[in-house]
Amino acid sequence: LKGTFAAESLANESASTLESRVTPSEQPSEPVQADHRAVVHKDNEANDPRFDRKGLRASNHMERGEQLTAPQMKHLRRHGSMDEIVLTEEDELGARPVDEVVCFLDLDKCTIYGQDGNDLAIAMQWMGRPQQSVVELYRRLMNPQIKPLMNQLKRSTKKTPVVLYTMRPQLLQYRSAARNSRVNLRWKNEWHHSPDQVVIPPEVRCPEHVLENYSGLTPLLEGEKQDLLMSFQRLLAIRQVVEEELELGYTPNVVVTSTMKDVQSTAQKLGMKPERAYLWDDNTVLEGQPHCLIVDPYIAMDDTCRDRLLAFLQEELPAEELREEVVDFMLGAKPDQRCVRVKAEGEGIEYFVNEAVSIPRFPIPELHVCYSRPRFTGTQGENERQQKASLRSHFNSNIVEFWSAAWRKMDSEQLAARQKWQENLEMVW
């Protein structure tokens, strides 16, 4: 009886409610009190989403089970890869999910075309061209994929310090042509990490400053000093180009080693976080080593870079002006590293640059980032803003990455190479 009485009461109450309900046209418009933005629909067939496609419905009355069309997020941008990263308003103000990524860049065949520019810089020095001409040459020899790499890292990282890391044994174990023997070089004690590794600090501005701090046991001959002077001149020219092209705002350290590279140990000696240090290098021996990302050797240029380089060489140092001993030296390089060749007619020489359809991009390290739900509309309340500001020290949720199949394949290959490195560690070393 109680159940029957309750059902009858509920039916009567529902009937009275339906009788007292007014139509949408008679109902007064009042502002919607809610935490989210209200969507206002006009009573016409052009703007009302409740009309069907053919416009057959003649009334704006909502039937049971019908729903309004969800508001479209016009500013949402989706991408198929990590070429671009979707950021929200707070990211534009400087919020990044990763504090720091230390970028160690190899020079030869990675940051710079060929093996130290395939003797082009040496030819300019021997022909008496000024230091600024050497700098402009390296500017055209710089890998065009360096800038996209740094721009991509800056979108998700607060700080991206750059360190140049190169293996040049000639600057530590000098093979002297005059002595026909090897000379162990020693520089300022504060610069050395070990007898086989030295760092050129930012305060060194000229190659003469380096030679003034030579502290080796064997006195250097005048010809050896001139050779080392030109070597450090080229090295500092590359540093200047990297600083200017990447707009660093500071002068990066240059680490020179004569043995196998150890990025984490070097980062620790430089006072940086070893767990946040990554090395980009073309040396396949380093493949699989932790925090080492292997890039394709930069030994060929696309049409744009090639034409830009050849135009500069023709204006600054035409091939017809090269002395005979300089030409003989350049032709004595390995076939894949030659930058000059004899013309087809058999008389005279011309510059030669290897051609490529495109230059492969640099890989991105696997950063350990914690993400929560993404925001695109920026309509959260003040309480939510304060709560996420308090959690900003742990993670940031304002960044979304879309990985393509190619990137997932690259990740699996990197993991497989790392496992292979661990298995063959003793054999490789």
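**View 1. The largest nonpolar core of the predicted model.** This core holds 74 residues. W187, W280 and L322 have the most contacts inside it. Helix α7, residues 222–245, supplies the largest share, with eight residues. A second core is separate and has 13 residues. Among its members are F104, Y165, L286 and C292.

**View 2. The surroundings of W280.** Neighbours within four places in sequence are set aside here. From strand β3 and its flank, the contacts of W280 include C103, F104, L105, D106 and C110. L149 and L153 also touch W280, and so do L293 and V295. F362, P363 and P365 complete the list. W280 also takes part in strand pairing: its bridge partner in β12 is L293.

**View 3. Two buried cysteines.** C103 has a relative accessible area of 0%. C292 reaches 2%. Both values fall under the 20% cut-off, so both residues count as buried. How many disulfides does the model contain? The count is zero. C292 belongs to the second core, as does F104.

**View 4. The open sheet.** Seven strands line up in the order β8-β9-β10-β5-β3-β11-β12. Their pairing is mixed. Which strands lie at the edges? They are β8 (192–194) and β12 (292–294), each pairing on one side only. On average, neighbouring strands are turned by 25 degrees against each other, direction ignored. Strand β11, residues 277–281, runs parallel to β12 and is joined to it by three bridges.

**View 5. Strand β5 and its two partners.** β5 spans residues 162–167. Five of its six residues are buried, so the strand is mostly covered. On one side, three bridges link β5 to β3 (residues 102–105) in a parallel pairing. Here F104 has V163 as its bridge partner in β5. β5 also pairs with β10 (residues 253–257), again parallel, over five bridges. In that pairing, L164 is matched with V254 of β10.

**View 6. Helices against the sheet.** Helix α5, residues 146–154, lies across β3, β5 and β11. Its direction is at about 170 degrees to β3. Helix α7 packs on the sheet as well, touching β5, β9 (197–200) and β10. The directions of α7 and β5 make an angle of about 150 degrees. α7 is also the helix that gives the largest share of the 74-residue core. In soluble globular proteins, nonpolar side chains tend to be buried together.

Definitions and conventions:
Residues are numbered from 1 along each chain as its sequence is written. This is a predicted model: local features need pLDDT of at least 70, side-chain atom pairs count only at pLDDT 80 or more; totals for chains, interfaces and linings use all residues. Side-chain values use heavy atoms; hydrogens and water are left out. A nonpolar core is a set of buried Ala, Val, Leu, Ile, Met, Phe, Trp, Tyr and Cys residues joined through side-chain atoms within 4.5 Å. Buried means under 20% relative accessible area, exposed over 50%, partly exposed in between (1.4 Å probe, protein chains only). Helices (H or I, at least four residues) and strands (E, at least two) are DSSP runs, numbered from the N terminus. Contact means heavy atoms within 4.5 Å. A disulfide is a pair of cysteine sulfur atoms within 2.5 Å. Two strands pair if DSSP finds at least two bridges between them. Axes are lines fitted to C-alpha atoms, for helices over the stretch in contact, and angles run from 0 to 180 degrees between N-to-C directions.
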